[in-house]
Amino acid sequence: MMFLEPKTTIDHLVQCCKAGQRKAQELLYKQFASKMLGVCMRYATDKMEAEDMLQNGFIKVFQKIADYRGDGSFEGWVRRIMVHSSIEYYRRHHKMMQVVDIDTAGHEPSVNAAAASSLEAKDLLVMIKALSPGYRMVFNLYAIDGYSHKEIAEIMGISEGASKSQLSRARAILKEQVMKMDNKRYGYAG
């Protein structure tokens, strides 16, 4: 049996979790819960839903921990599980999102570079959160979590074209919001 030491490393915690030690699971949860809640918040409609997604995600982490081979960072491995778990949760509890065909997606307006640079991260997060669920999920998966359109299509059960279209539309909406914010900030009529 492996024992937990006062200054336990993530690798050691993982090994103890693989051995079924509850204390190691608790410590691993405490280590990653706040970061992973942030991941879940990007896919949830509210904090309660994000917390449910987080719990479901950690259940999967502990169920699949024996599969973790140590390739890449453990945090990245947990993050992928959280993203997949969050989307799965959303699909089970909400209607499927609106899908826009790539041919019907409009042209994206250009954005003033000064406005984009003055935009604070919290403002952008609020704008992303206001996107419709389908747009928000595709945008998060592609722009924040780094998934390809092929991976997004597989995860969400949509075509690659629909993924590209939803990303395009999400970007257009976000650019429009940035332009509106810029106009308000600098007193332009709009």
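Across the whole structure, a search finds 10 salt bridges. The model is a predicted one, and this tour stops at some of those contacts.

Start with helix α2, residues 22-41, and select glutamate 26 and lysine 30. Their side chains form a salt bridge, with 3.1 Å between the closest N and O atoms. The two residues are four apart in the helix, or about one turn. Colour the pair by accessibility next. Glutamate 26 has a relative accessible area of 36% and is partly exposed, while lysine 30, at 56%, is exposed. Lysine 30 is classed as exposed because its 56% falls over the 50% cut-off.

Keep that pair on screen and add Lys23. Lys23, Glu26 and Lys30 are linked in a network of salt bridges.

Now move to helix α4, residues 74-93, and select glutamate 75 and arginine 79. A salt bridge joins their side chains, at 3.3 Å from N to O. Here too the spacing is four residues, about one helical turn. Both ends of this bridge are partly exposed: arginine 79 has a relative accessibility of 27%, and glutamate 75 has 23%. Glutamate 75 does not count as buried, because its 23% is not under 20%.

Stay in helix α4 and select glutamate 88 and arginine 92. These residues form a salt bridge whose closest N and O atoms are 3.0 Å apart. They are four residues apart, about one turn of the helix. Glutamate 88 is partly exposed, at 35% relative accessibility.

How values were computed. Residues numbered from 1 in each chain as written. Predicted model: local features only at pLDDT ≥ 70, side-chain atom pairs only at ≥ 80, totals over all residues. Heavy atoms only, no water. Salt bridge = Lys/Arg side-chain N within 4 Å of Asp/Glu carboxyl O. Buried < 20%, exposed > 50% of the residue type's maximum accessible area, 1.4 Å probe, protein only.
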